[in-house]
Amino acid sequence: MTRTMEDLDAGRRSVLGRVFDILDCFSGTEPDQSITSLCDQTGLPAATVHRLLATLVEWGAVERSGRGQYRLGMRLWRLGWGVPEARQVRDVARPHMVDLYAATREVVVLGSRDGDDLLLVDQISGSTSAPIQTRSARRRPLGSCAAGLLYLAHMSPAELSVRLGESGLGLPETLRSDEFRLRQVLGEIRRTGIAATPDGSSRWLSAAVFNAQGELRSTLSMLIPEERVQLSRHSQLIGHAAHEVSAGLGARRSQQ
């Protein structure tokens, strides 16, 4: 029987859907995946996963990282940074990140939201900087980090309620179970423009970056060992850097 154009289009969409299902598996806390783990997460047969992985490896979207292990390839990273808005934010933020690191010698991180997660998309650090733990080096729930709390603070009450009901957003139990306290914390973050959360023996300090439309586009953060935290000084420095990046993206003072 001759296949119609609609059948062919549906087949292509089906294949593309499976490809994206596989690629989505690499977006969690484990950067390396095996065929078995990909099958478990996608529900696809091993033969299908193996065939699609071979194509992705050939194209450069995925690369082999070890015996039976795969990770995202550099071609995807290059394409991602080629997105005009992402490239603009990185290009504008980089000089200010360098200045902030030079002034503090602490880890400086550029973050962006991806659904209910905060992605750490660019970083500047040195040999004396506090280390970022491997599991948190790329993706964290919004509610678990200072930069993510900035996004929660700028959500509408309705959206925040929906998000909390769906996933909890990774908030600590003390805030997840006390909505009044949570809204107090988020209101203070909106007022000061700075969020702070502990991370082991260090502390995250984060400030919001806005675009020309006045939307929260990204975050600037520092990870500072507790014994080196100078809250007033460091908050002022990171707030100023975020303000300058926002201005570079076209945000007016009234929008920040």
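1. Two strands count as a pair if DSSP finds at least two bridges between them. Keep that in mind as you look at this predicted model, starting with a small sheet. Three strands make up an open sheet, in the order β1-β3-β2, with antiparallel pairing. At the edges stand β1 (33-34) and β2 (62-66), each with a single partner strand, so one side of each has no neighbour in the sheet. If you want to see how strands hold on to one another, here is the general idea: strands of a sheet pair through backbone hydrogen bonds, either parallel or antiparallel.

2. Now zoom in on one pairing in that sheet. Strand β2 and strand β3 (residues 69-72) run antiparallel and are joined by four bridges. One partnership you can find on screen is G66, whose bridge partner in β3 is Q69.

3. How far can you trust the picture? The chain has a mean pLDDT of 83, and 83% of its residues reach 70 or more. The stretch to treat with care is residues 5-12, where pLDDT stays under 50. For those residues the model has one contact beyond four places in sequence. Where pLDDT is low, the predicted coordinates should not be read in detail.

4. Time for the overall tally. The chain holds 10 helices and nine strands. Of its 256 residues, 41% count as buried. Among the contacts with a separation of 6 or more, 55% are between residues 24 or more positions apart.

5. Have a look at strand β4 (residues 107-114) next. Why is β4 described as largely enclosed by the rest of the structure? Six of its eight residues are buried, so the rest of the structure largely encloses it. To count as buried, a residue needs under 20% relative accessible area.

6. β4 also has partners to show you. Five bridges join it to strand β9 (residues 216-225), and those two run antiparallel. In that pairing, V108 has M222 of β9 as its bridge partner. Seven bridges join β4 to β5, again with the strands running antiparallel; here S112 has L119 of β5 as its bridge partner. The hairpin of β4 and β5 has two residues between the strands, and G115 in this hairpin takes a positive phi near 65 degrees.

7. Just ahead of β4 there is a residue I'd ask you to check. R105 lies in the loop between α5 (84-104) and β4. Its phi is near 60 degrees, which is a positive value in a residue other than glycine. As background, most residues other than glycine have a negative phi. Is R105 buried or exposed? Neither, really: with 45% relative accessibility, R105 counts as partly exposed.

8. Two helices are worth a stop. In helix α2 (residues 35-42), the buried residues are S37, L38, C39 and T42. Right after α2 comes G43, which has a positive phi near 75 degrees. Helix α6 (residues 146-153) is mostly covered, with eight of its eight residues buried. Those are A146, A147, G148, L149, L150, Y151, L152 and A153.

9. Where is there empty space inside? A search of the whole structure turns up one cavity of 30 Å³ or more, and the largest cavity holds about 40 Å³ of space. Its lining is made up of L118, L120, R140, C145, A147, W204, S206 and S221. Two elements, β5 (117-124) and β8 (202-210), give two or more residues to this lining. By class, the lining residues are five nonpolar, two polar and one charged. You have met A147 before: this lining residue is also one of the buried residues of α6.

10. Finally, there is a pocket to explore. The second largest pocket contains about 410 Å³ of space. It is lined by 20 residues, and the closest to its centre are V185, I189, A195, A196 and T197. Which elements each supply at least two residues of the lining of this second largest pocket? They are α9 (179-192), β7 (194-199) and α10 (231-248). The largest share, six residues, comes from α9. Sorted by class, the lining of the second largest pocket has 12 nonpolar, six polar and two charged residues.

How values were computed:
Residues numbered from 1 in each chain as written. Predicted model: local features only at pLDDT ≥ 70, side-chain atom pairs only at ≥ 80, totals over all residues. Heavy atoms only, no water. pLDDT = per-residue confidence, 0-100. Contact = heavy atoms within 4.5 Å. Buried < 20%, exposed > 50% of the residue type's maximum accessible area, 1.4 Å probe, protein only. 1 Å grid on protein atoms, 1.4 Å probe; cavity = no way out; pocket = protein on both sides within 12 Å on 5 of 7 lines; lining within 4 Å. Points joined across faces, edges and corners; volume = space filled by probe spheres on them. Nonpolar A, V, L, I, M, F, W, Y, C, P; charged D, E, K, R; others polar.
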